[in-house]
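Grab your favourite viewer and work through these exercises one by one. Each has a task, then a solution you can check against the coordinates.

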Amino acid sequence: MPRGRLRVYLGAAPGVGKTFAMLGEGHRRLARGTDVVVGLVEAHGRPRTAELIGGMEVVPRRTVVHRGTAFTELDVDAVIAREPRVALIDELAHTNVPGSRNAKRWQDVEEILDAGIDVVSTVNIQHLESLNDVVRQITGVPQRETVPDEAVRRADQVELVDMSPEALRRRLAHGNVYAPEKVDAALSNYFRVGNLTALRELALLWVAGKVDDQLGRYRAEHGIEGTWEARERVVVALTGGPEGDTLIRRAVRVAARTKGADLLAVHVTRADGLAGGDPGNLARQRVLAESLGGTYHQVVGDDVPRALLDFARGVNATQLVLGASRRGRFAQILSRGVGVTTTALSGSIDVHMITHDEAQKGRRPPPSRAALTRTRRLAGWATALLGIPVLTAALVPFRETLTLPSEILFFLLVVIGVALIGGMWPAVTAAVGGSLLLNYFFTTPVHTLTISDPENLFALVVFVLVAAAVSGIVDLAARRTREAARAGADAEVLSTLAGHVLRGESALPSLLARLRETFALTSVTLLERIDVPGPDDQSDPEAWRIVATSGGPPCGCPGAADTDVAIDGSLMLAACGRLLEASDRRVLEAFAAEAAVALRQERLRREADLAGPLAETDRMRTALLAAVSHDLRTPLASARLAVESLRGTEIEWSAQDREELLATADESLLKLDRLVANLLDMSRLQAGVLGLTLQPVALEEVIPRSIDDLGPLRDRVEGDVSVDLPEVVADSALLERILVNVMSNAIRYSPAGKKVLITASSHGGHVEIRVVDRGPGIPAEAHDRVFMPFQRLGDRDNHTGVGLGLALSRGLAEAMGGTLTPDETPGGGLTMILTLPVSSRADGLPAESLPQEPMRFSQ
Amino acid sequence: MTRVLVVDDGPQILRALRINLLARHFEVAVAADGGTAASVPETCPRRPCVRRGDRPYGRRRNRAAGAVRVRAS
């Protein structure tokens, strides 16, 4: 039997008309002759709903008695037995009365669907499981009745019953939804316009998600693979010009219009790497795009529009942001430009052309640099000025034997030579001069500047043109060679830089050092402005702070530097040593941007390092509070109980009872006293203000005394201390405390009937006191953990003590120049070894020479 | 006579409670932990009626300790 189909009416709030819509559909289907029954629909006292139900067959409800009250529920079996074509069942999220077969109504509906019956149901958006938290945040009302999203998502159709918040409030005010006495409260609570609008948005978004699923399913079923873009992706194209910042900001605004839109910045590099953008600008724009939540990409391609669109299609972009052309009007007539071409080819991608300050100003020609060195240019001029007259003089004797074309070819040879040596202008000069000399000495009539034969005139003109063209090409080639070498060098520097940053070496100082050696500078300094920018703070060293520097004496302010690069509002890179060329500046700017990133990373790391221990301290404080509140209360409770019992008049206590109660109070108070003393010492130890009086101490006195301090537990300890032991250097009161703590810990874990053994022995300059128990022991890898305050291994019982004892003991031992280490007892159990230095009094040295400095306790 | 089983890991509170309950004519049995309490058949309670949950943390290890169990005989 095929499963029935589920159709769900989804509403943003009660009262939008879900039930009404459901019943309306029931009536329509009924009128078409379909067998429709009402499984369960609550009229909630709404007369028009009741009226609609009235015209339909209703399956009788099942009555459930729970705690003496009768409830009516959907009768699943009755609906299935009735076998209608369609059943109308209200409120999918309803929770059934305990004792029903299913806990939730949606489970009932599943059963009915499995029986092959179509179900039409309703649900409110606030009952969807995944939106529970959100709805509670919006409305402040927790929702107890929930339905798993999956149950609704699985529905074959979900229809949104939508109504504007104002209309719903009007319906409410007219009493169409709730009884009149409830209306005012409802309007000012749950049905506030804000609430309703938020719920409505949730419902719309949820349905949009569901629609998206359906679209995905449809596409999967029909094998559609092309992209049908539902999510917005904005790509912004960067040329590397200064207008990029404007474009990115604009693109962010375009992206912000749609929730969850992605921003991608892309720069197309020419494959020849020559006419690339300014790396300084690009580095800055990369930081900007990333700080605004976008990503930065770089692609290589000769045809910029095509590369741009390939990228945009590759990432499923929906919108493309381009800057208006920077070229002048004349240049635009000659070629359509990237913007226009891209728009023409963009297809389904929307293209935004953004105007900016740089638009139509014309592309600034790169700062004109002579392609050739000064020496070569001078040599070129010399060759031109000497070579042409010399050649003329040499050729004049052969005037009769040579024809004009041969003479022209000789001249051409010299002109090309000049071009190769000295570039364009000497060559052009040589060509023009050569043509004049040719005219004067070699064309008939000679010794005049007139030419009788038009063919000769033609030959001369061609000569000048060829000479000019050749010299132009030579010049261009030289220029390109130089640029390529330069670009290669830049690329090498930048790739070193990138690798350097990627490897995450201790970034900032080594970055500056690298920069200094690359450009042969004396010092490179990263400066940070201390206050807000002032009018003339560029040369005021007071206004700047040196963040990092490399090399010789740093420059204290940008004004003192030979080259300075502003990174952002407050950071400035200052380089001293020599004035950098404009072309070096581009790389320098890239460096500067990286330096700022490195600085930021370093600061973040430092903050994270600071936050770590703070969190640890905080965790410890919390543990302390939790532990102390319990450990303080228990002895306090027994002491109070004992004292209150004694003071009470209702009962005559026997002498023995009285004695026992007094003992109880006494022991409890002793315990409290010890705990408080431990806590105080612990905090003193941690603050480094524990006062120590180190002096020679005889163990045969201290050990019995500390066993005595154990009170009723003293019988469980067996001491075995020789009187021959040397004296140790310690604070006797604190040593006693250590021993009491370690011994009571040992007793705590010792099985009843087994005594804890305490022994001492001398080894070289140390005395070892061993406290041996036969308890469960501690695995070696956990040995250090037991010394963390407020840790009890296994953490399963809470016998006496907050787990402070061992931490304190180790801290005290270390403060006295000793150690406290755990070891395994041979045969099972734990041995604590307290090592203390032997008193040097035997060697004639005063005890005062030993470290008196209270040691700072650290975990 | 009503029998009371007191389970607590603090020997002092156990003693103070025992004296007080005895003085009020209850029959008292004490145990330091749940294991001990359950292993004594004549004191083994069917259902605890009073439970003191004074532990600020560690409910897991606190299941038996700190409970006062009262049973009518």
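**Exercise 1: a strand pair and its sheet**

Work out how strand E14 (residues 523-529) of chain A pairs with E15(A), then place the pair in its sheet.

Solution. Start with the pairing itself: in this predicted model, E14(A) and E15(A) run antiparallel and are joined over seven bridges. For one concrete rung, pick A:Leu527, whose bridge partner in E15(A) is A:Ile546.

Next, zoom out. The two strands belong to an open sheet of four, with antiparallel pairing and the order E15-E14-E17-E16 in chain A. Now look at the ends of that order: E15 (544-551) and E16 (563-566) of chain A each have a single partner strand, so one side of each lacks a neighbour in the sheet. Finish with the geometry: going from one strand to the next, the twist averages 20°.

**Exercise 2: a helix and its surroundings**

Is helix H24 (residues 805-815) of chain A largely enclosed or largely open, and what does it pack against?

Solution. First, count the buried residues, using the cut-off of under 20% relative accessible area. In H24(A), 10 of the 11 residues pass, so the helix is largely enclosed by the rest of the structure. Among those that pass are A:Gly805, A:Leu806, A:Ser809, A:Arg810 and A:Ala815.

Second, find the packing partners. The buried residues of H24(A) pack against two helices of chain A, H21 (655-687) and H23 (732-749), and against the strands E23 (819-824) and E24 (830-837).

Third, follow the backbone out of the helix: just after H24(A), A:Gly817 has a positive phi of about 85°.

**Exercise 3: an arginine in that helix**

Which residues does A:Arg810 contact, leaving aside neighbours within four places in sequence?

Solution. Locate the residue: A:Arg810 sits in helix H24 of chain A. Its relative accessible area is 16%, so A:Arg810 is classed as buried. Then list the contacts: A:Asp784, A:Phe787, A:Leu820, A:Thr821 and A:Pro822.

**Exercise 4: the hairpin beside it**

Describe the pairing of E23(A) and E24(A), and find the positive phi in their hairpin.

Solution. The pairing is antiparallel and covers six bridges. A:Leu820, which also turned up as a contact of A:Arg810, stands opposite A:Leu834 in E24(A). Five residues lie between the two strands of the hairpin, and here A:Gly827 takes a positive phi near 90°.

**Exercise 5: the cores**

How many residues does the largest nonpolar core have, and which helix of chain A gives the largest share?

Solution. The largest core holds 61 residues, and A:Leu88, A:Ile125, A:Val152 and A:Trp206 have the most contacts inside it. Helix H9 (residues 193-221) of chain A supplies the largest share of this core, with six residues.

Now take one of those hubs apart. Not counting residues up to four places away in sequence, A:Val152 touches A:Val8, A:Leu92, A:Val123, A:Leu128, A:Val147, A:Val158, A:Trp206 and A:Lys210. There is also a second, separate core of 49 residues, including A:Ile707, A:Val767, A:Ala782 and A:Met832.

**Exercise 6: a buried valine**

Characterise A:Val418: its element, its burial and its contacts.

Solution. A:Val418 lies in helix H16 (residues 404-422) of chain A. Its relative accessibility is 0%, so A:Val418 counts as buried. Then check distance against sequence: A:Gly380 is 38 residues away along the chain, yet the two C-alpha atoms are 5.3 Å apart. Besides A:Gly380, the contacts of A:Val418 include A:Thr383, A:Ala384, A:Pro426 and A:Ala430, with residues up to four places away in sequence left out.

**Exercise 7: the two chains side by side**

Put together a profile of each chain.

Solution. Take chain A first.
- Chain A has 24 helices and 24 strands.
- Of its 859 residues, 42% count as buried.
- Its accessible surface is about 44000 Å², 56% of it from carbon and sulfur atoms.
- Among contacts with a separation of 6 or more, 70% join residues 24 or more positions apart.

Then do chain B.
- Chain B has two helices and four strands, in the order β-α-β-α-β-β from the N terminus.
- Of its 73 residues, 41% count as buried.
- Its accessible surface is about 4100 Å², with 56% belonging to carbon and sulfur atoms.
- For chain B, 59% of the contacts with a separation of 6 or more join residues 24 or more positions apart.

Notes: Residues are numbered from 1 along each chain as its sequence is written. Chains are lettered from A and ligands numbered from 1 in the order in which they are written. This is a predicted model: local features need pLDDT of at least 70, side-chain atom pairs count only at pLDDT 80 or more; totals for chains, interfaces and linings use all residues. Side-chain values use heavy atoms; hydrogens and water are left out. A nonpolar core is a set of buried Ala, Val, Leu, Ile, Met, Phe, Trp, Tyr and Cys residues joined through side-chain atoms within 4.5 Å. Buried means under 20% relative accessible area, exposed over 50%, partly exposed in between (1.4 Å probe, protein chains only). Contact means heavy atoms within 4.5 Å. Two strands pair if DSSP finds at least two bridges between them. Axes are lines fitted to C-alpha atoms, for helices over the stretch in contact, and angles run from 0 to 180 degrees between N-to-C directions. Accessible areas come from the Shrake-Rupley method with a 1.4 Å probe; for residues, only the protein chains shown count as cover.
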